[in-house]
Amino acid sequence: MYDYDAIVIGGGHAGIEASLAVSRMGFKTLMITQSLDAIGRLSCNPAIGGLAKGNLVREVDALGGEMAHLIDSTMIQFRILNRRRGPAVQAYRAQADKFSYSRLAKETLEKESSLELFMDTVVDIILDGTRITGVVTERGWRIYSKVVVLTTGTFMSGKIFIGEYEHESGRLGEEAAKGLGDALRAKGFHVGRMKTGTPARVKKSSLDFTRLEVQDGDEEMRPFSFLSGSIERPNLKCYITYTNEKTHQIIRDNIHRSPLYGGRIVGKGPRYCPSIEDKVVRFPERERHQIFVEPEGEGTEEMYLNGLSSSLPESVQHEFIRTLPGLENVVIMRPAYAVEYDYLDPLDLYPSLESKIVSNLFIAGQTNGTSGYEEAAAQGIVAGINAALRLEGKDSLILKRSDSYIGVLIDDLTTKGTKEPYRMFTSRAEYRLFLRNDNADARLTMLSPLASDERKAAFKEKMSHIEEIRCLLKEKKERGKNGIELLREPDVTIESLSIPEMDRFSPEEKEQVELDLKYEGYLKRQEREIARFEKNESVAIPDDFDYDDVDGLSQESREKFKSIRPKSVGQAGRISGVRVSDIAVLQVALRGVRSGK
């Protein structure tokens, strides 16, 4: 007898998307989280989006997720990054009122009719053979369900470090989730340790803003969600300051007190978001490092020092932070700290995010070795959709590298694994010109079993508008050319063409048409590349394929194929260390299987 169709463990960004996905697809769902007050908390940077990350948020929205709605309702500054560069690397980023964001996330979950919230800590999972059937909580509850989604973030055996001080916590002031990591190890899961960190929060009224550079947001606040209308939100300022040689000398003098360099932290930290002590040690030639001073919300004095994460003792933090211009008399409200936590090897996952070790268990977020809210939400929605599809007895939704940044993220994790916190970058996506910020709905909405009728209708209306815009451009004549031919010229924009009928279309609709036309040649070339990619993706490898029967495979590739169990020849070719010659041997063997030889 099952108590629920689905259980989701964790109330972070992956847990939110997974819970909503399963429940909105019609299944009775329970979210179990250690603190109902911490749901959707922006633990580190109070912002959503950024390079490649903004694309992930738009893709989550296109699939029917919630993150875009949450940031649209709570943003306090908006910027389009890389506006002067090409569309493939442009992205939305918004500062959030972190307290409103978390509250709205909780309210959204509470209003979902098929979803219940329960405050407790999961310490073990219940198995029937190799199939999960429920969970055990710290207070002794045994709760049964048909599928489980695990999204523990940084809380599984989490430990924070501030100089010599350490404590079992997932966040400062919040207890770690103890027991589950050891229970999973005992059941055969490959559990490792990773590390991340966060900067100090400082009191706004203690800053000297005359010594800080102002960083304004864009005048026009654009929505992340394809369903949101215009955004009418406060537009607060952010600021910039810099470290200096005095800052660096204090850090060098105290580096031995950092748990990162004293050997007390064994987990690998994020290479692309290093602590300030990492920056000082790794880049000794740098005279200064840029620090962003960002508001945590409208109704708070707390400001976030983006770029200044640290695990040095609090006394040292007070000393070096006060060397920064504008922060000479700063009051620190919360110290910076590092956090180390258990994660599960993502090579033990199928591209559906289902565990290879325990069936009907789906895993998402930082539990899989990623960093960032956006990466977590992207995995959460895919895990939730696939958990619901399993309940329906249907095939999983598998997003490809040619479909989305989400496809790139999941393929990288399940094919190559990760030994450090994985962060999404535009450079990871081979087809980034096609995977633009503006066309996520065109790529994903009609693929998603979660997308509502309202969302599909809005998408179809947008596509109709885009076709109308193209027709108007064909009718426009100037200098012997029509509007489409003119837009292919580098200095011509759709707004520079005098077509009054265009005023009824949204800036986003017009922009998508303009980008498609300006980059038409590049897009056609990328479409040919995608066709070649998908040819290999279409050559499926049976789940029970016996690699030991294939003559000519190198032993290294054979072992990797047996461990990862790639779903296609394309995925097999992306496994680290696999030789091209072994892929050729594999293709010959698969042709033999298909021909019955």
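The following dialogue concerns charged side chains in a predicted model.

Local features in this predicted model need pLDDT of at least 70, and side-chain atom pairs count only at pLDDT 80 or more, while totals for chains, interfaces and linings use all residues. Residues are numbered from 1 along each chain as its sequence is written, and side-chain values use heavy atoms, with hydrogens and water left out.

Visitor: How many salt bridges does a search of the whole structure find?

Guide: A salt bridge is a side-chain nitrogen of Lys or Arg within 4 Å of a carboxyl oxygen of Asp or Glu. Searching the whole structure on that basis gives a total of 57.

Visitor: How many residues apart in sequence are the parts that glutamate 174 and arginine 41 tie together?

Guide: These two residues form a salt bridge, with closest N and O atoms 2.5 Å apart. Glutamate 174 lies in strand 13, whereas arginine 41 is in the loop between strand 2 and strand 3 (strands are DSSP runs of E, at least two residues, and helices runs of H or I, at least four, numbered from the N terminus). The pair therefore joins parts whose separation in sequence is 133 residues.

Visitor: Is glutamate 174 buried or exposed?

Guide: Buried means under 20% relative accessible area, exposed over 50%, and partly exposed in between (1.4 Å probe, protein chains only). Glutamate 174 has a relative accessible area of 14%, so this residue is buried.

Visitor: Which side chain makes a polar contact with that of aspartate 348?

Guide: A polar contact is a pair of N or O atoms within 3.5 Å; within protein, one must be able to donate a hydrogen and the other to accept it, and residues adjacent in sequence count only if both atoms are side-chain atoms. At 2.7 Å, the partner of aspartate 348 is histidine 190.
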